[in-house]
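Here are my notes on the model you sent. They deal with the contact between the two chains and then with one residue.

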There are 2 protein chains.
Amino acid sequence: MVNWFSRTGKRAEVPRLRPRSETEPATKVDLAELTPDLLTFLGKAAYLQLTIFENLGRAMAVAPTTEAKEVLSRVAALSLAKHHGLTAEIRRHGEEPGAVMEPFTRSIDDFQRVTQGGDWFEELLACHITAGFLDDFFVHLAAGLPTDYAGRVTTVLRADSGAELLADELRREIEADDKLDSRLAMWGRRLVGDTMLVARATLAPSANSVSDEARIEPVFTELIAAHTRRMDGLGLTA
Amino acid sequence: MVNWFSRTGKRAEVPRLRPRSETEPATKVDLAELTPDLLTFLGKAAYLQLTIFENLGRAMAVAPTTEAKEVLSRVAALSLAKHHGLTAEIRRHGEEPGAVMEPFTRSIDDFQRVTQGGDWFEELLACHITAGFLDDFFVHLAAGLPTDYAGRVTTVLRADSGAELLADELRREIEADDKLDSRLAMWGRRLVGDTMLVARATLAPSANSVSDEARIEPVFTELIAAHTRRMDGLGLTA
């Protein structure tokens with residue numbers, strides 16, 4: 001199996017996956033033992049969600065039609081509700097969301113910078129791909145939270161994020177412009193690479209041991225398979 | 001009384017108002033007879049609200065602290081809820097929000113351009129001042145909608161828009177920087193001028209007759225008095 005996080009310094013490449021039946025593990029894998037402490041989890045998840053919301057706002061501002069703008073506003077509302085679902089858990093724990101998110105803003109702002117699309121199409125794909133991957137990732141990671149938090153947080157993360165609305169917009173654009181698919185396929189590969197890196201950085205520090213790698217790899221294989229299905233759904237090669 | 005909309009081409013100036021007791025009319029004034037048809041009202045109000053939300057998103061992206069960003073995200077959620085409350089009324093009427101807003105996007109996009117702040121402080125004031133004025137204005141105008149819509153739309157418009165959260169942020173900034181108040185006072189005057197123009201453009205076309213002017217002026221005097229109180233609340237000269 002490929003090591004997604006080899007330290008040779010090479011950019012992570014997204015490979016062609018084997019057929020789904022071979023890659024999906026029979027038993028549910030999880031990252032519970034690599035879940036960071038509650039506030040780190042919530043701070044990172046909440047700030048990433050805020051970043052996704054900001055990106056949706058930026059995409060909305062450059063939407064080519066009023067209809068598209070309106071669709072984006074609905075996705076933005078779902079995204080913001082998710083962010084506030086996570087900050088509500090921070091408050092429930094007696095902390096202020098701003099202070100809890102603060103330590104993670106720098107690296108996540110960097111993530112936002114590198115995943116910022118050059119135009120409407122790229123912005124739209126960035127919103128779809130990063131949000132999809134991160135929701136899946138944090139659901140896995142939430143399994144390691146204290147039980148009561150785990151349940152509520154998973155409910156927040158699994159709530160509708162408007163993925164189908166974004167996918168519909170993207171499909172429409174891709175069908176209307178036959179040069180778009182190869183450009184967006186390329187952009188999708190960059191996006192998933194950077195999203196994997198930011199996700200990986202959320203794992204508890206002990207995550208570098210050999211046994212931890214063995215735990216991480218099947219989860220990321222599953223997350224990448226979901227990413228591939230997301231790209232397939234748009235008619236794009238992952 | 002000053003004519004706010006004289007056609008001499010001069011920029012509308014915001015005068016020092018006389019003391020409130022003299023300017024506020026004893027009876028509630030309204031613009032009901034100048035209310036445009038339902039879909040024009042909803043299309044303009046909804047698109048202006050979307051613009052306010054976009055501006056909040058832009059302000060959020062340049063917020064100087066994570067705490068401020070978090071506050072802005074809460075205001076943005078309230079603003080977006082208001083927008084969706086208005087688009088829900090458009091759908092209730094059997095229309096698609098995108099199509100109904102479309103005819104008004106160009107002039108409102110122009111309004112957005114001229115009221116776009118040059119930095120965080122100006123963005124923040126722009127969000128506060130334009131949203132406050134327009135909420136008040138559309139509440140007046142809603143009196144002329146068909147009764148069932150009037151009730152629901154007024155409830156949407158009167159919902160919390162996070163004005164106190166924005167005012168708290170602004171007060172904090174103004175207290176921390178003693179050069180800020182004169183710059184923002186100036187900016188506030190420009191904002192209210194442009195906001196009056198976009199509000200005025202929402203009135204039904206017959207609004208140019210002399211008797212209509214007589215109806216409009218007291219309402220705008222009231223709206224400007226509210227604006228002055230808003231500026232006072234920040235320690236700024238209107």
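The points below take the interface first and a single glutamine afterwards.

1. The model is predicted, and the points should be read with that in mind.

2. Chain A and chain B each give 25 residues to the contact. Between them the two chains bury about 2,000 Å², with 61% of that area on carbon and sulfur atoms. On the chain A side, the residues that lose the most area to chain B are Glu54(A), Thr66(A) and Glu70(A), which together make up 27% of what that side buries.

3. Two salt bridges are found across the interface of chain A and chain B. In a salt bridge, the side chain of Glu54(A) meets that of Lys69(B), at 2.5 Å from N to O. Polar contacts across the interface come to eight residue pairs, with both residues at pLDDT 80 or more.

4. Helix 2 (38–61), helix 3 (66–92) and helix 4 (97–101) of chain A each give two or more residues to the side that touches chain B. Helix 3 of chain A has the largest share, 13 residues. By residue class, that side of chain A holds 11 nonpolar, seven polar and seven charged residues.

5. Gln49(B) belongs to helix 2 (residues 38–61) of chain B. Is Gln49(B) buried or exposed? Its relative accessible area is 6%, which is under the 20% cut-off, so Gln49(B) counts as buried.

6. Beyond its neighbours within four places in sequence, Gln49(B) is in contact with Ser79(B), Lys82(B), His83(B), Leu86(B) and Asp135(B). Thr130(B) is 81 residues from Gln49(B) in sequence, and the C-alpha atoms of the two are 9.9 Å apart.

Technical notes. Residues numbered from 1 in each chain as written. Chains lettered and ligands numbered in written order. Predicted model: local features only at pLDDT ≥ 70, side-chain atom pairs only at ≥ 80, totals over all residues. Heavy atoms only, no water. Contact = heavy atoms within 4.5 Å. Buried area = accessible area lost by both parts, 1.4 Å probe. Salt bridge = Lys/Arg side-chain N within 4 Å of Asp/Glu carboxyl O. Polar contact = N/O pair within 3.5 Å; in protein donor to acceptor, adjacent residues only side chain to side chain. Helix = DSSP H or I, 4+ residues; strand = E, 2+ residues; numbered from the N terminus. Nonpolar A, V, L, I, M, F, W, Y, C, P; charged D, E, K, R; others polar. Buried < 20%, exposed > 50% of the residue type's maximum accessible area, 1.4 Å probe, protein only.
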